[in-house]
Amino acid sequence: MNFHIVSIFPHYFESPLSSGLMGKGVESGLVAIDHIDVRHFAGGIHKSVDDRPFGGGPGMLLKLDPMVKALSSIASPGRILMLSPRGAPLTQARVRQLASEEDITLICGRYEGIDERLLDLFPIELVSVGDFVLNGGEAGAVCLIEAVARLLPGFMGHADSGDDESFSSGLLEYPHYTRPDEFQGLAVPEVLRTGDHARIGQWRREQSLEATLRDRPDLLPEARLTVEDVDHLRSLRRTRLGRNLYIALVHYPVLNKFGEKVAVSVTNLDLHDMARVARTYGLGGFHAVTPIEDQKALARQLLAHWRDGAGKDTNPDRAEAFSTVRVFDDIEVAVLDIKAQTGQCPRLAATSARLDRAPGAEPALTYRNVRKWLEESPVLLVFGTGHGLAEEVLEKAEGALRPIRYLDDYNHLSVRSAVAITVDRLMMDEY
């Protein structure tokens with residue numbers, strides 16, 4: 001495989017690409033490295049490769065002309081990639097795809113970046129090695145080259161070495177041990193010394209599952225999991241942000257379609273569906289909020305039927321869901337109840353199908369914002385019936401979440417659908 005590295009610092013690569021397996025790969029001819037020094041294509045006495053950006057701003061940009069000449073000098077560039085924080089993530093799946101190429105050209109940016117027109121002139125794919133910013137693309141290029149090269153046939157000692165490691169099966173790798181059997185009181189797990197390969201294989205799979213759940217649970221949605229894998233994951237203790245999340249459905253004060261403040265009736269369907277969401281996601285609780293006496297009486301009658309009456313006998317699952325439901329006059333009483341349960345005053349976040357377009361309005365809350373809150377304190381997420389929460393309720397909250405379909409012109413879900421979608425996005429924890 002041929003790597004063509006376009007950089008203003010070609011000497012950066014001398015040590016990392018000549019060490020260890022990478023150095024052996026280059027020496028054997030399995031990997032060829034072609035350095036293209038952008039400065040060789042710059043004009044003038046000083047061979048300047050950077051200039052100020054149009055429109056002002058900090059920093060400098062790599063000039064377009066020497067970059068174009070440098071890329072044009074490569075006879076067989078193959079796929080052209082540029083290391084950039086703007087790029088799509090470099091995943092193991094993408095690495096495997098790149099390993100089938102004969103030629104790969106890597107552009108290492110510097111300063112504030114490149115003239116954007118370079119992307120119009122060449123079929124450049126932007127790729128990122130992480131959500132952080134480096135001084136240039138050289139370090140990222142080394143990561144990419146090593147990740148791709150080690151998958152080439154003959155690069156590593158064992159042909160299956162690349163298959164039995166982190167990310168290859170969508171999971172993190174299991175822990176490894178070597179001699180001595182015991183060191184400073186720490187012993188190698190007994191199962192690894194039994195010689196029972198079936199037990200060892202099962203132990204390694206379970207350790208891989210546990211490491212992924214503990215350290216990278218975000219990998220689980222795409223991992224290939226057997227029924228046995230799922231059963232093992234279910235048996236493990238795990239942190240659930242949902243226990244800190246409480247949801248409230250406000251029936252007054254809310255708005256009608258004319259923007260007038262009104263009260264909306266409590267419905268059997270809302271209570272059922274939202275209670276089931278709260279129980280399924282392990283939430284702290286669900287509060288139905290209305291000051292109207294006959295509506296409170298209706299809600300309590302429904303709850304009594306399912307929690308203590310005939311409904312409990314016919315449908316125990318529904319009774320369990322309704323155990324999370326409480327009925328209060330207003331948001332302030334719900335807040336006091338959560339504080340009494342948890343010892344902490346909850347932070348309030350509202351929901352709305354509309355963006356706040358008032359001049360100088362704060363940007364809407366993101367799901368990441370609220371997840372950070374949940375890591376530290378209880379959160380009460382407030383939903384409205386009718387045509388949304390009245391302004392006096394919105395003012396009590398620290399902000400409102402972005403509408404579910406904020407980039408589209410139709411955003412009119414039922415409150416039951418909105419609750420299910422919002423809670424699912426907020427938890428992001430299929431585990």
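This report describes the largest pocket, the cysteines, the aromatic contacts and some backbone features of a predicted model.

## The largest pocket

The largest pocket encloses about 1300 Å³ of space. Its lining is made up of 46 residues, and those nearest the pocket centre are Thr351, Ser352, Ala353, Arg354 and Pro403. Four elements give two or more residues to this lining: the helices α13 (367-376), α14 (391-394) and α15 (415-427), and the strand β16 (379-384). Of these elements, α15 supplies the largest share, with 3 residues. By residue class, the lining of the largest pocket holds 23 nonpolar, 12 polar and 11 charged residues.

## Cysteines

The structure has 0 disulfides. For Cys108, the nearest cysteine sulfur is that of Cys143, and it lies 11 Å away. A disulfide would need the two sulfur atoms within 2.5 Å, so a pair at a longer distance is not counted as one. Cys143 is likewise in no disulfide, and its nearest cysteine sulfur is that of Cys108. The two residues can also be described by their accessibility. Cys108 is buried, at 2% relative accessible area, whereas Cys143 is partly exposed, at 44%.

## Aromatic pairs and charges over rings

The structure contains 2 aromatic pairs. One of them joins Tyr12 and Phe13 in an edge-to-face arrangement, with the ring centres 5.6 Å apart and 70° between the planes. Tyr12 is partly exposed, with a relative accessible area of 39%, while Phe13 is buried, at 1%.

Trp306 and Phe322 form a stacked pair, with 6.4 Å from centre to centre and 15° between the planes. Which helices does the pair of Trp306 and Phe322 tie together? Trp306 belongs to helix α9 (residues 293-307) and Phe322 to helix α11 (residues 316-322), so the contact links parts that are 16 residues apart in sequence. Trp306 is buried, at 16% relative accessibility, and Phe322 is buried as well, at 0%.

Trp306 takes part in a further contact: Arg318 lies over the face of its ring, 5.6 Å from the ring centre. Trp306 thus has Phe322 as its stacked partner and the charge of Arg318 over its ring face. A charge also sits over a ring at Tyr406, where Arg402 lies over the face at 5.1 Å from the ring centre.

The ring contacts are listed below.

| Contact | Arrangement | Distance and angle |
|---|---|---|
| Tyr12 and Phe13 | edge-to-face | 5.6 Å centre to centre, 70° between planes |
| Trp306 and Phe322 | stacked | 6.4 Å centre to centre, 15° between planes |
| Arg318 and Trp306 | Arg318 over the ring face | 5.6 Å from the ring centre |
| Arg402 and Tyr406 | Arg402 over the ring face | 5.1 Å from the ring centre |

## Leu336 and Pro346

Leu336 is part of helix α12 (residues 331-342). Its side is open to solvent by the accessibility value: Leu336 counts as exposed, at 57% relative accessibility. From Leu336 to Pro346 the separation is 10 residues in sequence and 8.8 Å in space, taken from C-alpha to C-alpha.

## Backbone features

Where do the cis peptide bonds before Pro180 and Pro253 lie? The bond between Arg179 and Pro180 is cis, with omega about 5°. Pro180 sits in the loop between α5 (138-149) and β8 (182-183). The bond from Tyr252 to Pro253 is also cis, and its omega is near 0°. Pro253 is located in the loop between β10 (245-250) and β11 (254-255).

Positive phi angles occur at residues that are not glycine. Lys47 has a phi of about 50° and is placed in the loop between β2 (32-37) and β3 (50-51). Lys47 is partly exposed, with a relative accessible area of 36%. Gln184 also has a positive phi of about 50°, and its place is the loop between β8 and β9 (186-187). Is Gln184 buried or exposed? At 70% relative accessibility, Gln184 counts as exposed.

Methods: Residues are numbered from 1 along each chain as its sequence is written. This is a predicted model: local features need pLDDT of at least 70, side-chain atom pairs count only at pLDDT 80 or more; totals for chains, interfaces and linings use all residues. Side-chain values use heavy atoms; hydrogens and water are left out. On a 1 Å grid over the protein atoms alone, a cavity is a set of points where a 1.4 Å probe fits but cannot get out, and a pocket is an open set with protein on both sides within 12 Å along at least five of seven lines; lining residues have an atom within 4 Å of a point. Grid points are joined across faces, edges and corners, and a volume is the space filled by probe spheres set on the points. Ala, Val, Leu, Ile, Met, Phe, Trp, Tyr, Cys and Pro count as nonpolar, Asp, Glu, Lys and Arg as charged, and the others, Gly among them, as polar. Buried means under 20% relative accessible area, exposed over 50%, partly exposed in between (1.4 Å probe, protein chains only). Rings of Phe, Tyr and Trp (its six-membered ring) pair if their centres lie within 6.5 Å; planes under 30 degrees apart count as stacked, over 60 as edge-to-face and the rest as tilted. A charge sits over a ring if NZ of Lys or CZ of Arg is within 6 Å of the ring centre and within 35 degrees of the ring normal.
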